[in-house]
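Biologist: I should like to learn how to read a protein structure, one feature at a time. May we begin with the model itself?

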Amino acid sequence: MSISDVLTKHADTFRQKTGVTSKLSIPEMTDLMASLKWGQSNLLKGTSDQYKEAKVGALYASSASNTDMHRTDLANKRLAYSLTIINTTGTDIFAEIVQYDKDKNWISSKHSSNTSTEIGQECTFTCVDTINPQTANISCHLYVTNAANKSVKIKNERLYVGTLPGVWTPNPADKVGG
């Protein structure tokens, strides 16, 4: 194996773990590495790196136990919400971050640019948003159209401070002794 093959393999692994899909130049990869924050914690609890079935409510689904969070400490920070699904509904699905004020009035929502519609299709979603200073409550979930009471399979659901989805890690509260 040539040095070029080894470097390409490492670059491909790096892109896969950071969620970057396009090939990067060396300066772009250097900038990406500089932007990574090592040791971040997944803000979502109860998630897994194995597929879990999640029931769709009226419109939303998640594998996390705390998708609706009261957080006033994230103002002006960027959050990256990411997850991988297998679509078992055959309807449109996308990831979404919704912000509410202290009275739970809607402020804004941001969703992933890609959608999944085919049954059996595996898809990874990433959604990045800047938190408004008036935000007191954040909701991260899948938005699933016309699929109430159906379910989707979800893994690697995560929410990190920053602009990169990173790799899945458990929330510290989910770790044994954590």
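Biologist: Which residue is the bridge partner of T84 in β9?

Modeller: Please note at the outset that this model is predicted. The bridge partner of T84 in β9 is K155. That pair belongs to a wider pairing, for β4 and β9 are joined in the antiparallel sense over 7 bridges.

Biologist: Which other strand is joined to β9, and by how many bridges?

Modeller: Strand β1, residues 52-55, is joined to β9 by 4 bridges, and these two strands also run antiparallel. One example is K55, whose bridge partner in β9 is S151.

Biologist: How many helices and strands does the chain have, and in what order do they run?

Modeller: The chain has 2 helices and 9 strands. Reading from the N terminus, the order is α-α-β-β-β-β-β-β-β-β-β. As for contacts between residues at least 6 apart in sequence, 75% join residues that are at least 24 apart.

Biologist: How much of the chain is buried, and how much area does it expose?

Modeller: Of the 178 residues, 40% are buried. The chain exposes about 9900 Å², of which carbon and sulfur atoms supply 52%.

Biologist: Is strand β9 largely enclosed or largely open?

Modeller: In β9, 8 of the 11 residues are buried, so the strand is largely enclosed by the rest of the structure.

Biologist: Which residues touch the most other members of the largest nonpolar core?

Modeller: The general idea is that in soluble globular proteins, nonpolar side chains tend to be buried together. Here the largest nonpolar core has 27 residues, and those touching the most other members are Y81, L83, I85, F125, L142, V152 and L159. The elements giving two or more residues to this core are β4, β5, β7, β8 and β9. Take I85 as a case: leaving aside its neighbours within four places in sequence, its contacts include F125, L142, I93 and Y51. I85 is also in contact with C123, a residue that is buried at a relative accessible area of 9%.

Biologist: How many disulfides are there, and why does C140 not form a bond with C127?

Modeller: A disulfide is a covalent bond between the sulfur atoms of two cysteines. The count here is 0 disulfides. For C140, the closest cysteine sulfur is that of C127, at 7.8 Å; this is too far for a bond, because a disulfide requires the sulfur atoms to be within 2.5 Å. C140 is itself buried, with a relative accessible area of 0%.

Biologist: Is N76 buried or exposed, and what is its phi?

Modeller: N76 is exposed, with a relative accessible area of 54%. Its phi is positive, about 65 degrees, although N76 is not a glycine. N76 is found in the loop between β3 and β4.

Biologist: Where does N156 lie, and is N156 buried or exposed?

Modeller: N156 lies in strand β9, residues 151-161. At 17% relative accessibility, N156 counts as buried, because the cut-off for that class is under 20%. N156 has a positive phi of about 55 degrees, although it is not a glycine.

Biologist: Where is T135 found, and with which residues is T135 in contact?

Modeller: T135 is found in the loop between β7 and β8. This residue is buried, with a relative accessible area of 4%. Beyond its neighbours within four places in sequence, T135 is in contact with R71, T72, Q99, Y100 and I107.

Conventions: Residues are numbered from 1 along each chain as its sequence is written. This is a predicted model: local features need pLDDT of at least 70, side-chain atom pairs count only at pLDDT 80 or more; totals for chains, interfaces and linings use all residues. Side-chain values use heavy atoms; hydrogens and water are left out. Buried means under 20% relative accessible area, exposed over 50%, partly exposed in between (1.4 Å probe, protein chains only). Contact means heavy atoms within 4.5 Å. Accessible areas come from the Shrake-Rupley method with a 1.4 Å probe; for residues, only the protein chains shown count as cover. A nonpolar core is a set of buried Ala, Val, Leu, Ile, Met, Phe, Trp, Tyr and Cys residues joined through side-chain atoms within 4.5 Å. Two strands pair if DSSP finds at least two bridges between them.
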